[in-house]
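Me: I would like to go through this structure slowly and ask what lies behind some of the labels that are used for it.

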Amino acid sequence: MKRRIFDAEHDAFRDTVRAFLAKEVLPHYDQWEKDGIVARDAWLAAGRQGLLGLAVPEEYGGGGNPDFRYSAVLAEEFTRAGAPGLAIGLHNDIVGPYLANLGTDGQKRRWLPGFCTGDTVTAIAMTEPGAGSDLQGIRTTAEDRGDHWLLNGSKTFISNGILADLVVVVARTTPEGGAHGLSLLVVERGMPGFERGRNLDKIGQKAQDTAELFFHDVRVPRENLLGEVNGAFGHLMTHLAQERLAIAVAAAAGAEHLLEATTAYVKEREAFGRPLARLQHVRFEIAEMATECAVTRAFVDRCIEDHADGGLDAVHASMAKWWATELQKRVADRCLQLHGGYGYMSEYPVARAFTDGRIQTIYGGTTEIMKEIIGRSLLG
């Protein structure tokens, strides 16, 4: 089905993204996977190409275009290229809105120009060893010391954790914590007491640095408070819909790309003297996946359209997130099976997509949390 949410400008941007990937990312990606981290030059190249800070106002160095469809194009093309290591989506669609929407004018002038050039790589630190999707379990604390906050605690599974120059940290700013006792503090590279642990060894997304972060008596200046004191829960709930939609967009594109690659493979690969595509079972598998991808695409595109118009709510974002990521997981498994032994070989894109995509049902809120959000909205 022809997609109706993009116009000629979005198509031209898609060509730009593909050219960037071909020149600045794909030739280096295998080395980044071996290194466990993306070269900083790639971030600077993305900044020069205008891929960072798409929605950031022009006065702070950004593109000044809040149309989420451009972010959707980025997510789709990076996923299809099999290059999740350069986490531009995290930077643009997750951290960016916190800085642009909650920051004071002074904060924006300090942080956003570097954000847009790639000189300042960003991360957000919510997850802790004992608190994943449950924000009320956060134990990292920030004590009000007048002119600064004294930050103590640790975070784990933080994407961009090694490269990040600026980290938005969720911390308890009341003794009881909970939904009404959390705040957002911006921690910058070089602050005494801010340390990085291991670059964690994951089963997929090897080029994407994912780290432990430690805070020991970090003196965070009072002017690094982002948004309202004890207002983090509300800020997070406001911005999580976009994060979850961005994950859903990537998931739908990932499933579609795997289906395309596998369709081509079964036409060429022979078994028992004829192409796999001649076997009824294989045709049924392809037919089922194609139908599921088409139905999912229609819903996700509607969510993209609604979000671009400012009308996407948390419930529908949660629906898109869990459904599309679970579809991606199923399609990856079925496509790998159709590749047979070759599907288990690392040099085949389907094998990399199988491991790279597995995290999709976990980060940004697990499938179970998404269902809980939806269920509560319906049943109270």
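Me: What makes the contact between the side chains of Arg-69 and Asp-67 a salt bridge?
Reply: This is a predicted model, and in it the side chains of Arg-69 and Asp-67 meet at 2.9 Å, N to O. A salt bridge asks for a side-chain nitrogen of Lys or Arg within 4 Å of a carboxyl oxygen of Asp or Glu, so the pair qualifies.

Me: Why is Asp-67 called buried?
Reply: Buried means under 20% relative accessible area, and Asp-67 has 15% relative accessibility, so Asp-67 counts as buried. Its partner Arg-69, at 23%, counts as partly exposed, because that term covers values between 20% and 50%.

Me: What makes the contact between Glu-59 and Arg-109 a link between distant parts of the chain?
Reply: The two residues are 50 residues apart, with Glu-59 in the loop between helix 3 and helix 4, and Arg-109 in helix 6. Their side chains meet in a salt bridge at 3.5 Å, N to O.

Me: Why is Glu-59 exposed or buried?
Reply: Exposed means over 50% relative accessible area, and Glu-59 has 56%, so Glu-59 is exposed. Arg-109, with 46%, is partly exposed.

Me: How do you know that Arg-376 and Glu-372 are separated by about one helical turn?
Reply: Both belong to helix 11 and are 4 residues apart, which means about one helical turn between them. Their side chains also meet in a salt bridge at 2.9 Å, N to O, and Arg-376 is exposed, with a relative accessible area of 56%, whereas Glu-372, at 40%, counts as partly exposed.

How values were computed. Residues are numbered from 1 along each chain as its sequence is written. This is a predicted model: local features need pLDDT of at least 70, side-chain atom pairs count only at pLDDT 80 or more; totals for chains, interfaces and linings use all residues. Side-chain values use heavy atoms; hydrogens and water are left out. Buried means under 20% relative accessible area, exposed over 50%, partly exposed in between (1.4 Å probe, protein chains only).
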